[in-house]
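Here is a walk through a two-chain model, written for someone who would rather be at the bench. Have the viewer open as you read.

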Amino acid sequence: MKQADDIIIDLVNPNARVLDLGCGDGDLLCRLRQTKSVTGYGVEIEHTRIEGCLARGVNVIEHDIDAGLDRFPTNSFDIVIMNETLQAISEPRTLVREMLRIGEECVVTFPNFAYWQCRKQLFFGGRMPVSKHLPNEWYDTPNIHLCTIHDFDTMCAAENVRVITRHVFDQHGRETFPTRMLPNVLGVTAFYRLGRPT
Amino acid sequence: MSQTASPQDQVASDSVGVVAPQYAEFDEPLTMENGATLPSFRLMYETYGKLNADRTNAVLICHALSGHHHAAGYHDPNDRRTLGWWDNCIGPGKPIDTNDFFVVALNNIGGCHGSTGPTSNNPEINEPYGADFPQVTVGDWVNSQARFADYLGIDSFAAVIGGSLGGMQAMQWAIDYPERVRNALLIACAPNLSAQNIAFNEIARQAILKDRNFYDGRYLAAASNPMDGLGTARMLGHVTYLSADGMDLKFGGDSKNDETDDYYDVVGEVTSYLQYNGEKFAGMFDANTYLLMTHALDKFDPARSFDNDLVAALKNATARFLVVSFSTDWRFAPERSREIVDALISAGCDVSYADVESLSGHDSFLLEIPRYHRILTSYMTQIAEGLAA
């Protein structure tokens, strides 16, 4: 998701306060700190990733996102980021609401379940898709809320969430003319920048 | 030359080795929060590692209720009992690495390990202070430690580190002397004491106060010692520092069944363990110090001077914080650490937080728990890298 990180780094304002949910070893926050002097925190639950953040001086809070985000005050961040984690959350709709309560804006990325390879495996193979982006078998996948780009658009409309920008990437993490033309078929990953209703 | 290894050679390579305590005398009076004044005072301390040329690599270790200045190394290499209380964490290659840092540990005023305290001579009456020793607060300790830093020529600490009551001192440092603390590590700590915590401390104090050998705190002048009361206080404290599951594991209580023999084994083991610990502690600790330390704990509440707003209290702090809690610590539970973390986030401070799985309750902060030590190592290494840069 280098491409997604680059887009995030472009769109974040200098000195912004950033919350990165599922921050991994803090790579994005580290780059944001270097390029945009941001302040903020990563949220992570995996032990080695937490230690990775600590080792590079990135603020990291051990916290289970599934336990909710009540502890973060309203309007406490300029932007809340969640990279490739939404599909593993028990209540994704509540989480998006919460992200937009805490932050002015949020960025959400997720794998598109309507990517043609997924469709092919389901249609011809008759089995749940397993790929580089969705590597787990159905019985041991953390991805319990997979959705398509259409599904996500529908939820945003129902929630009155403002889609500021959307990018759709191919299997190489690039946004191309075909992924713009047929996002829900050719897109492997979707990137949404969301705002509160105007 | 004989090839026989000297005792020092037998000390592990990651030990700071044989250390000797030092002391510093302070002749300027120290005024406490409650208005009482110590005309002069002495602080016992030890140091490990070397202060760098820029004087930027100093780390202050703040001790908890029963701690002291001997945090690492040996006083006698042939006697393991003289090992420092946090030796598993301080030394070359250990989480608080003495190759990188100049580590300073002291005994707080009011203590009973050589710093001015209730067992010291009160020059006014030429008798031990006893119960007349002024009640100190965490803030008073931090003020005395700041004077101590001046004495050592240290403008700012790379880190102030403490567990439990020691973590409270680290927090107070970051609030009272923001420009002198670059990192504050608050381990198994709380923003103030819960009513339940205060209740435990009060029972411990009552055990001491009601001991017939207490003599209103003048037991030293009366050539006496309230060891039963102090031992009981320690037994109570000790149990609250462990976890139920941890004790079951230690004493086999988890295998409880109808066979009464097993049951009485548990009773016997718990009884002798507690008595041993209580008596051992009572033989080497001072009852007035125990009273003073528990009162300081009870009164700790940095939010109080800020309209009970912890966020406001932390607004001035510029240090980066690391907060660590332990899953089975019910005396200073993870929720209490999270209160600190949430207040730090709201105050806009840099903070990281980890909750470490452990069966050992509050005492975990003293133990060599792999994940805990990896967390400390990761954090401290990055501070050391910042010094080198």
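## Ground rules

Two residues are in contact here if their C-beta atoms, placed from the backbone, lie within 7 Å. This is a predicted model, so local features need pLDDT of at least 70 and side-chain atom pairs count only at pLDDT 80 or more, while totals for chains, interfaces and linings use all residues. Residues are numbered from 1 along each chain as its sequence is written, and chains are lettered from A and ligands numbered from 1 in the order in which they are written.

## Two domains in chain B

The domain assignment (bounds come from an automatic or database domain assignment) splits chain B into domain 1 (7–192 + 301–388) and domain 2 (198–294). Their C-alpha centres sit 25 Å apart.

How many residues of domain 1 of chain B are in contact with domain 2 of chain B? There are 23, and they meet 18 residues of domain 2. On the domain 1 side, the touching residues break down into nine nonpolar, 11 polar and three charged. For that count, Ala, Val, Leu, Ile, Met, Phe, Trp, Tyr, Cys and Pro are nonpolar, Asp, Glu, Lys and Arg are charged, and the others, Gly among them, are polar.

## The core

A residue is called buried if 20 or more other C-beta atoms lie within 10 Å of its own, exposed if 12 or fewer, and partly exposed in between, with C-beta atoms placed from the backbone. A nonpolar core is a set of buried Ala, Val, Leu, Ile, Met, Phe, Trp, Tyr and Cys residues joined through C-beta atoms within 7 Å.

The largest such core has 153 residues, and Val59(B) and Ala184(B) have the most contacts inside it. Domain 1 and domain 2 of chain B each put at least three residues into this core. Take Ala184(B): leaving aside neighbours within four places in sequence, its contacts are Val160(B), Ala170(B), Met171(B), Trp173(B), Ala174(B), Ala319(B) and Phe321(B).

## Two helices to look at

Helices (H or I, at least four residues) and strands (E, at least two) are DSSP runs, numbered from the N terminus. The expected span of a helix is 1.5 Å times one less than its number of residues.

Helix H7 (residues 287–299) of chain B has 13 residues and runs 18 Å from first C-alpha to last, close to the 18 Å expected. Is H7(B) largely enclosed or left open by the rest of the structure? It is largely enclosed, because 10 of its 13 residues are buried; Tyr290(B), Leu291(B) and Met293(B) are among them. The buried residues of H7(B) pack against helix H1 (138–152), helix H2 (165–176), helix H3 (195–209) and helix H4 (227–241) of chain B.

H4(B) has 15 residues and reaches 21 Å from end to end by C-alpha, close to the 21 Å expected. Its buried residues include Leu230(B), Arg234(B), Met235(B) and Tyr241(B).

## Where the chains meet

The contact between the chains uses 17 residues from chain B and 15 residues from chain A. On the chain B side, helix H9 (334–346), strand S14 (351–356) and helix H10 (370–388) each supply at least two residues. The largest share, seven residues, comes from H10(B). By type, the chain B side divides into seven nonpolar, five polar and five charged.

## Each chain as a whole

Chain A has eight helices and seven strands, and 40% of its 198 residues count as buried. Its C-alpha trace spans about 50 × 40 × 30 Å along its principal axes. The radius of gyration of chain A is 17 Å, which agrees with the value near 16 Å for a compact globule with 198 residues. That radius is taken over C-alpha atoms, and the globule rule is 2.2 Å times the number of residues to the power 0.38.

Chain B has 10 helices and 14 strands. Its radius of gyration is 21 Å, close to the 21 Å that the rule gives for 389 residues, so chain B is as compact as a globular protein of that length. Buried residues make up 50% of chain B.

## Two backbone oddities

Ser37(A) has a positive phi of about 50 degrees although it is not a glycine. Ser37(A) lies in the loop between helix H2 (27–36) and strand S2 (39–44) of chain A and is exposed, with 10 other C-beta atoms within 10 Å.

Tyr215(B), also not a glycine, has a positive phi near 50 degrees. Tyr215(B) is in the loop between H3 and H4 of chain B and is partly exposed, with 17 other C-beta atoms within 10 Å.
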